[in-house]
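Me: Please show me the structure. I would like to go through the ligand site and the cavities.

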Amino acid sequence: MGRIAYVNGAYVRHADAAVHIEDRGYQLADAIYEVWSMSDGRLCDPEGHFARLERSLGELSIVMPMSRAALTTVLRETVRRNHIREGLVYLQVSRGVAPRDHAFPTQPVPPAVVVTVKRVDPDAAEARAAAGVGVITTLENRWGRCDIKTVGLLPNVLAKQAARAAGAGEAWFIDAEGKVTEGASSNAWIVTADGVLVTRDTSANILRGVTRATLLDVARSENIRIEERAFSLEEALAAREAFFTGAGALLMPVVAIDGRQIGTGHPGPVATRLRSLYIATARAAAI
Ligand code: PDD
């Protein structure tokens, strides 16, 4: 059974799926995206991702291509046609197709919509989380609107590639004050020596992670002490535990930063518990 993609109103063979060469997403990164994790064929954290999608589009004055209900139908139908139960759903919305010009098209064009679905092996993901991963750090070099989930990801791409080349699973950006902002495709967290869960506040130039928001709710219901604030690389190196969150990794324990061991060098109890609680919570609310 081959993969199927949704492209501008049609379900097509993934191998044949294509967008126009003057799609503004392709030429100018004038596009936004969302990624949902899937559990048993259903979309996790639906509300948070739809809300952020609408916000990203609004910030760029791109119209919502269809209603939430219609989009939900398209996402689910793409999942169904791919026969995938565990994986990731990718949605990209660009401003549309127009002759190349930096400014918006003078005649309104319809946004271009693409949906793809990718299988994830849940056993491999669990094994990875059970072992934990290393992260590297890199200087923050992105624009000032990281709260918008745009496809303009070149700094993230280079950071992630540097992580891969170093045998690490993620790269954490460090700002000019020496504070961790977030990962190349995830939000960063630590558990301090006295057991406080710390993650960067969303007034900073970071993506407002949907997994982050759900996990904060989970941690609150567990009565874990939480501080949403900046933390330095030094504080992270001295932390009892560290981890990162995102639709891709869900919650991934960090066992080393820049080759220096964090805590015991193994996934800690807080990260391990929060991962399973997050997965159970997301599963229960998936649509
Ligand atoms: N990335 N920060 C950045 C820079 C991200 O790209 C992501 C997600 C997150 C976590 O957001 P969320 O919890 O809503 O997935 C934080 C997705 C998974 C990606 O680019 O594939």
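Reply: Questions and answers on the ligand and the largest cavity follow.

This is a predicted model, where local features need pLDDT of at least 70, side-chain atom pairs count only at pLDDT 80 or more, and totals for chains, interfaces and linings use all residues. Residues are numbered from 1 along each chain as its sequence is written, and side-chain values use heavy atoms, with hydrogens and water left out.

Me: How many residues surround the ligand?

Reply: A residue is near the ligand if one of its heavy atoms lies within 4 Å of it. The closest are Tyr 33, Glu 182, Val 210, Thr 211 and Ala 247. The shell count is 21 residues.

Me: Which residue has a side-chain N or O atom 2.6 Å from an oxygen atom of the ligand?

Reply: A polar contact is a pair of N or O atoms within 3.5 Å; within protein, one must be able to donate a hydrogen and the other to accept it, and residues adjacent in sequence count only if both atoms are side-chain atoms. A polar backbone atom of Ala 247 is 2.8 Å from a ligand oxygen. A backbone N or O atom of Ser 185 lies 3.4 Å from a ligand nitrogen. The side chain asked for belongs to Tyr 33.

Me: Which domains each give the shell at least three residues?

Reply: Domain bounds come from an automatic or database domain assignment. The shell draws on domain 1 (4-120) and domain 2 (125-285).

Me: What volume does the largest cavity have?

Reply: On a 1 Å grid over the protein atoms alone, a cavity is a set of points where a 1.4 Å probe fits but cannot get out; lining residues have an atom within 4 Å of a point. Grid points are joined across faces, edges and corners, and a volume is the space filled by probe spheres set on the points. One cavity of 30 Å³ or more is counted. Its lining includes Arg 240, Pro 253 and His 266. The volume of the largest cavity is about 40 Å³.

Methods:
1 Å grid on protein atoms, 1.4 Å probe; cavity = no way out; pocket = protein on both sides within 12 Å on 5 of 7 lines; lining within 4 Å.
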